[in-house]
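This briefing concerns a single protein chain, shown below. It is intended to be read with the sequence and the coordinates at hand.

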Amino acid sequence: MRLDKFVAQATGQSRSDARKAIQKGLCCVNGIVCRKADAQLDEQEAVTLGGRPLSVQQYVYIMLDKPKGVVSASSDARDVTVVDLVGKKYPRRSLFPAGRLDKQSTGFVLVTDDGAFAHDILSPKHHVPKSYEVLLDTPLTQTMMDAFAQGVTLADGTKLAPAQLSPGTAGPCSASVILHQGVYHQIKRMFGVYGAGVNELRRTAIGGLELDAALGAGGFRELTPQEVEKITQQSLQAQPDSRG
Ligand code: URA
């Protein structure tokens, strides 16, 4: 990484402020003053600014409790995005949501700048499970539960992977769903095959990781290294198969 980028990321300064500090001679690399903003750093090199050691977290992983009305995108001309909600705290990161929730759905969205991590947890080959709480406009039936377990065929002929559907805790119209793939509007379309509409949809877990109930709508926090590891392990353990 370039020195000015490193200093900017480690301190939260803009690149131009970082460059000025470097040019003033405030920055040392391995104990020697370096005034070259474009100097390339190796991982093991020690950088200080005004004598203070600097370090950069390579990637960030943010758990967000998405409220209704917010879109799962990095930017949008009309609507507030998940990156608008978290991005002010990370002005120099190229954040994006690792997976989508519909505008009116709520709950767990992972926001990151780690493309390889996002690819792994979203890859259909890895089947990282995602858990949802659903409120239907009609009571849940045994027919629906059996069909989800077999793998629902959508109206357009798409045959989906088996999913787990069980009664929820908020009355006969509530349900819990665990999906192992991510098809556009998947849950709404699955229930639609059985004439049921989805009034509320909330994602409560990704992989083995539950949404932190303390966050509240619009709340977010970084994952701990252990939590990142937990999700990564889930995506490694999930076996690729013919469902692709
Ligand atoms: N399925 C849906 O229909 N919508 C979501 O937001 C997520 C899964």
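The points below move from the whole chain to one helix and then to individual residues.

The model is predicted. Its chain of 244 residues has a radius of gyration of 22 Å, whereas a compact globule of that many residues would be near 18 Å. The secondary structure amounts to seven helices and 13 strands.

**Overall dimensions and surface**

- The C-alpha trace spans about 70 × 35 × 30 Å along the principal axes of the chain.
- Buried residues make up 43% of the 244 residues.
- Among the contacts in the chain with a separation of 6 or more, 61% are between residues 24 or more positions apart.
- The exposed surface of the chain comes to about 12700 Å², and 51% of this area is supplied by carbon and sulfur atoms.
- There are 28 positive and 25 negative side chains, and the centres of these two sets lie 6 Å apart.

**Helix H1 and its surroundings**

- Helix H1 covers residues 3–11, and its buried residues are Leu-3, Asp-4, Phe-6, Val-7 and Ala-8.
- These buried residues pack against one helix, H2 (15–23), and against the strands S1 (27–29), S3 (47–49) and S4 (52–54).
- Gly-12, just after H1, adopts a positive phi of about 80°.

**Asp-79: a buried acidic residue**

- Asp-79 is located in the loop that runs between strand S5 (61–66) and helix H3 (82–87).
- Asp-79 counts as buried because its relative accessibility is 16%, and the cut-off for buried is under 20%.
- Its side chain forms a polar contact with the side chain of Lys-103, at 3.1 Å.
- With residues up to four places away in sequence not counted, Asp-79 touches Val-71, Asp-84 and Lys-103.

**Arg-202: a partly exposed residue in a strand**

- Arg-202 belongs to strand S11, which comprises residues 198–206.
- Arg-202 has a relative accessibility of 30% and therefore counts as partly exposed.
- The side chains of Arg-202 and Thr-106 make a polar contact at 3.2 Å.
- Besides Thr-106, Arg-202 touches Asp-65, Gly-107, Ser-131, Tyr-132, Glu-133 and Leu-211, again with residues up to four places away in sequence not counted.
- Arg-202 and Asp-102 are 100 residues apart along the chain, yet their C-alpha atoms are separated by 9.9 Å.

**Thr-112: a buried residue in strand S7**

- Thr-112 is part of strand S7, residues 106–112.
- The relative accessibility of Thr-112 is 0%, so Thr-112 counts as buried.
- Leaving aside neighbours within four places in sequence, the residues in contact with Thr-112 are Val-60, Tyr-61, Ser-94, Leu-95, Phe-96, Ala-98, Phe-117 and Ala-118.
- The side chain of Thr-112 also reaches the backbone nitrogen of Asp-114, at 3.0 Å.
- Thr-112 and Lys-125 are 13 residues apart along the chain, and 21 Å separates their C-alpha atoms.

**His-185 and Gln-186: the approach to helix H6**

- His-185 lies in the loop between strand S10 (174–179) and H6.
- Although His-185 is not a glycine, it has a positive phi of about 55°.
- His-185 counts as partly exposed because its relative accessibility is 29%.
- Gln-186 is found within helix H6, which spans residues 186–192.
- Gln-186 counts as buried because its relative accessibility is 4%.
- Gln-186 touches Leu-160, Leu-179 and Gln-181, with residues up to four places away in sequence not counted.

**Asn-30: a positive phi in a loop**

- Asn-30 occupies the loop between S1 and strand S2 (32–33).
- Phi of Asn-30 is near 55°, a positive value in a residue other than glycine.
- A relative accessible area of 45% is why Asn-30 counts as partly exposed, since exposed requires over 50%.

Key
Residues numbered from 1 in each chain as written. Heavy atoms only, no water. Buried < 20%, exposed > 50% of the residue type's maximum accessible area, 1.4 Å probe, protein only. Helix = DSSP H or I, 4+ residues; strand = E, 2+ residues; numbered from the N terminus. Contact = heavy atoms within 4.5 Å. Rg over C-alpha atoms; globule rule 2.2 N^0.38 Å. Areas by Shrake-Rupley, 256 points an atom, 1.4 Å probe, with all protein chains shown as cover. Lys, Arg positive; Asp, Glu negative; His and termini not counted. Charge placed at Lys NZ, Arg CZ, Asp CG, Glu CD. Polar contact = N/O pair within 3.5 Å; in protein donor to acceptor, adjacent residues only side chain to side chain.
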